[in-house]
Amino acid sequence: MAEKAQYEELIRQFSAFGAVKRELGRILPADCPGGSVAVLTLLGRYGDMRMSKLSELLAVDMSVTSRHVAHIADRGWIERSPDPADKRSRILRLTPEGQTQLDELSERTTQLLAHRLGDWTDDEVGQLAGLMARLRASFDDCRTAPGRTTAPHVPEQSTRTPAITT
């Protein structure tokens, strides 16, 4: 298990990572905020799905998912059709315009990352991607652990690390 100082350094790095997220956000078109990008990305990756599945993948409440879906549906990037198995539910799918938007977003972010990580080796980029995926999976495990309804108790410490703000 890592030492306390290593976890404290991780918290500092997570806080500083906000600058990376903000720069990625700045390259998005004004009518396509981060939530919209997430919806388009998930539909592009996993294909047609119900709102409930999308909400689960986004790890947000259904009301938040509904707002994101309404925003991109208004722009013609997705369509909502009745689920043949359950007429009360809707199936979401990318439209050709949505796929075009997703392709453009992918190109923008790829170019930015290629520019910023140009002095990294392919192996280093691969290691970062793998470690970030592993980190995310560790948090997914915590969120969906059976019987887990609250965050784990963290004992009070005299040298508190500031909360993550992004």
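**A walk through the structure**

Let's start where two helices touch: Val-37, Leu-40, Thr-41 and Gly-44 of α3 come up against Gly-98, Gln-101, Leu-102 and Leu-105 of α6. Sorted by class, this contact has four nonpolar residues, four polar ones and no charged residues. Helix α3 covers residues 34-46 and helix α6 covers residues 96-116, and the two pack at an angle of about 105° with their axes 10 Å apart. Angles of 65 to 115 degrees count as roughly perpendicular, so that is how α3 and α6 sit to each other. Keep in mind that what you're looking at is a predicted model.

Now step back to the whole protein. You'll find seven helices and three strands. Going from the N terminus, the order of elements is α-α-α-β-α-α-β-β-α-α. Of the 166 residues in the protein, 21% are buried. The accessible surface adds up to about 11800 Å², and carbon and sulfur atoms account for 56% of that. How much of the contact pattern links residues at least 24 apart? Taking contacts between residues at least 6 apart in sequence, the share is 54%.

For a look at one buried spot, find Ile-72 in helix α5, which spans residues 62-74. Its relative accessibility is 0%, and since anything under 20% counts as buried, Ile-72 is buried. What does Ile-72 touch, once neighbours within four places in sequence are set aside? The answer is Ser-36, Val-39, Leu-40, Trp-77 and Ile-78. Leu-40 may ring a bell, as it is also one of the α3 residues that meet α6. Ser-36 is worth a look too: Ile-72 and Ser-36 are 36 residues apart along the sequence, yet their C-alpha atoms are 6.3 Å apart in space.

Next come the charged pairs. Side chains of opposite charge can pair when their charged atoms come close. Searching the whole structure turns up eight salt bridges. One of them joins Glu-9 and Arg-12, whose closest N and O atoms are 3.1 Å apart. Both residues belong to helix α1 (residues 4-16), and because they are three residues apart there, about one helical turn separates them. Glu-9 is partly exposed at 33% relative accessibility, and Arg-12 is partly exposed as well, at 45%.

Another salt bridge reaches across the chain. Glu-23 pairs with Arg-116, with 2.7 Å between the closest N and O atoms. Here the partners come from distant parts of the chain: Glu-23 is in helix α2 (residues 18-26) and Arg-116 is in helix α6, 93 residues apart. Glu-23 has a relative accessible area of 23%, which makes this residue partly exposed.

The strands have a pair of their own. Arg-50 and Asp-83 meet through their side chains in a salt bridge, at 2.5 Å from N to O. Arg-50 belongs to strand β1 (residues 49-50) and Asp-83 to strand β2 (residues 78-83), so this pair ties together parts that lie 33 residues apart in sequence. Are these two partners buried or partly exposed? Arg-50 is partly exposed, with a relative accessible area of 30%, while Asp-83 is buried at 7%. Finally, Asp-48, Glu-79 and Arg-93 are joined into one network by salt bridges that share partners.

How values were computed
Residues numbered from 1 in each chain as written. Predicted model: local features only at pLDDT ≥ 70, side-chain atom pairs only at ≥ 80, totals over all residues. Heavy atoms only, no water. Axes fitted to C-alpha atoms, helices over the stretch in contact; angles between N-to-C directions. Helix = DSSP H or I, 4+ residues; strand = E, 2+ residues; numbered from the N terminus. Parallel < 35°, antiparallel > 145°, perpendicular 65-115°, else oblique. Contact = heavy atoms within 4.5 Å. Nonpolar A, V, L, I, M, F, W, Y, C, P; charged D, E, K, R; others polar. Buried < 20%, exposed > 50% of the residue type's maximum accessible area, 1.4 Å probe, protein only. Areas by Shrake-Rupley, 256 points an atom, 1.4 Å probe, with all protein chains shown as cover. Salt bridge = Lys/Arg side-chain N within 4 Å of Asp/Glu carboxyl O.
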